[in-house]
Amino acid sequence: TYIMAIETSCDETSVAIIENGTVIRSNIVSSQIETHQQFGGVVPEIASRKHVEMITWIIEEALKVAQLELSDLSAIAVTQGPGLVGALLVGIIAAKSLSLALDIPLIGVHHIAGHIYANQLVHTLEYPLISLVVSGGHTEIVYMEAPGQFKIIGKTRDDAAGEAYDKVARALGLPYPGGPFLDRLAQEAEESIPLPRAWLESDSYDFSFSGLKSAVLSVINQAKMKGLTLNSGHVARGFQESVVEVVVEKALRAVKAYGAKQLILAGGVAANRGLRERLTASCEKLEIPLLIPPLNLCTDNAAMIGAAAFLKWEKQQFASLDLKADPSLSLEAWSV
Ligand code: ATP
Ligand code: MG
Ligand code: FE
């Protein structure tokens, strides 16, 4: 089975071909970061137009690298949501056209299911498992009793982890997207300034990052008002320690409470070195099997969409040609 997957939910135009749900035959990712950097964030209108310019070329490239023809494809998968509606539409229209022209099934995929199933491209999943999802727009703890069964047991009540990273990075004068830059600063710093931890209720798996973000902004402003120079490395490290400590503790507590066989990490912030190191150390100590995708499969890519699409392929749950982009698509409702 060769599934061609298309991902255009945000600022990466990506097309992949996945063999039997687990083998990456090609995974082409074209990032628009340089275009959006000058605006300090993703401009939706520009994102859509760039996807239109790129999509045909990326499809051709994905076929070329995989050394396959259009006629070899078994199905076309595409990110249906969540994401920017205009950006999603570009991928969906391309996918529908291919599905219609080749007369092969169309599969709509949930973007976060994709982030989670990126792990399946490099690891063997064992259920029940807990997935810690930390991305640009989501921070969730997901319980999965079986393949394709998603139950959200905790989520952010305000900002997502990646969003908080990007906002704090911006306040420190770092380029967009700031997560990776802030990560590097934190790694290099020798000290950290103390910042609060948002534990919420003692039994809650929910997160909150807006209070932490405000605390950082207030430290920066106070230093400015007093005319002091602030060491941004110390701020970065303090912020990173606060985020990492809370997400790791909650994820481990969920693993125990749900009797999970594995903990899997997913989403763009899974690329964070501080988080990977701390989670690895804690899981070793508690003998919890931990799965983390390689860096190129953490941030947005179409290979992960192809991996998740295979769940629907196996159950023959196909979309019709009236598939609609859904910016607020529910993960639980997408369960197979
Ligand atoms: P979502 O997946 O929730 O729809 P998205 O697709 O925009 O959001 P991802 O591609 O999953 O987000 O991840 C991008 C985010 O990951 C950005 O916020 C970026 O700053 C963050 N990120 C990437 N690398 C790192 C890192 N090393 N440390 C911290 N954050 C990082
Ligand atoms: Mg992106
Ligand atoms: Fe994403």
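## Strand 1 and its partners

Strand 1 (residues 2-7) is mostly covered, with 5 of its 6 residues buried. The model discussed here is predicted.

Strand 1 pairs with strand 2 (residues 12-19) through 6 bridges, and the two run antiparallel. They form a hairpin that leaves 4 residues between the strands. Within this pairing, Ala5 has Ala16 of strand 2 as its bridge partner. Strand 1 is also joined to strand 4 (residues 75-81), here by 4 bridges and in parallel orientation. In that pairing Met4 is matched with Ile76 of strand 4. In a regular strand, side chains alternate between the two faces of the sheet.

## Val52 in helix 2

Val52 belongs to helix 2, which covers residues 44-66. Val52 has 17 other C-beta atoms within 10 Å and is therefore partly exposed, since a buried residue needs 20 or more and an exposed one has 12 or fewer. Val42 and Val52 are separated by 10 residues in sequence, and their C-alpha atoms are 16 Å apart in space.

## The shell around ligand 1

Ligand 1 is surrounded by 24 residues, of which the closest are Gly136, Gly137, Gly162, Gly179 and Gly268. By class, the shell consists of 7 nonpolar, 14 polar and 3 charged residues. Helix 4 (111-117), helix 5 and helix 6 (179-188) each contribute at least two residues to the shell.

## Positions listed as binding site

An unreviewed UniProt entry lists Val133, Val134, Ser135, Gly136, Gly137, Asp166, Gly179, Asp183 and Asn272 under "binding site". Among the listed residues, Gly136, Gly137 and Gly179 are also named with the closest residues to ligand 1.

## Asp166 and Asn272

Asp166 lies in helix 5, which spans residues 161-171. Asp166 counts as buried because 22 C-beta neighbours fall inside 10 Å. Beyond its neighbours within four places in sequence, Asp166 is in contact with Tyr176, Pro177, Gly178 and Gly179.

Asn272 sits in the loop that connects strand 9 (262-266) with helix 9 (273-286). Asn272 has 28 other C-beta atoms within 10 Å and is therefore buried. With neighbours within four places in sequence left aside, the contacts of Asn272 are Gly179 and Asp183. Gly179 thus appears among the contacts of Asp166 and among those of Asn272. Both contacts of Asn272, Gly179 and Asp183, are in the UniProt list.

How values were computed
Residues are numbered from 1 along each chain as its sequence is written. Chains are lettered from A and ligands numbered from 1 in the order in which they are written. This is a predicted model: local features need pLDDT of at least 70, side-chain atom pairs count only at pLDDT 80 or more; totals for chains, interfaces and linings use all residues. UniProt positions are given in the numbering used here, feature names are shortened, and annotations may be inferred rather than shown by experiment. Two residues are in contact if their C-beta atoms, placed from the backbone, lie within 7 Å. A residue is near a molecule or strand if its C-beta atom, placed from the backbone, lies within 6 Å of it. Ala, Val, Leu, Ile, Met, Phe, Trp, Tyr, Cys and Pro count as nonpolar, Asp, Glu, Lys and Arg as charged, and the others, Gly among them, as polar. Two strands pair if DSSP finds at least two bridges between them.
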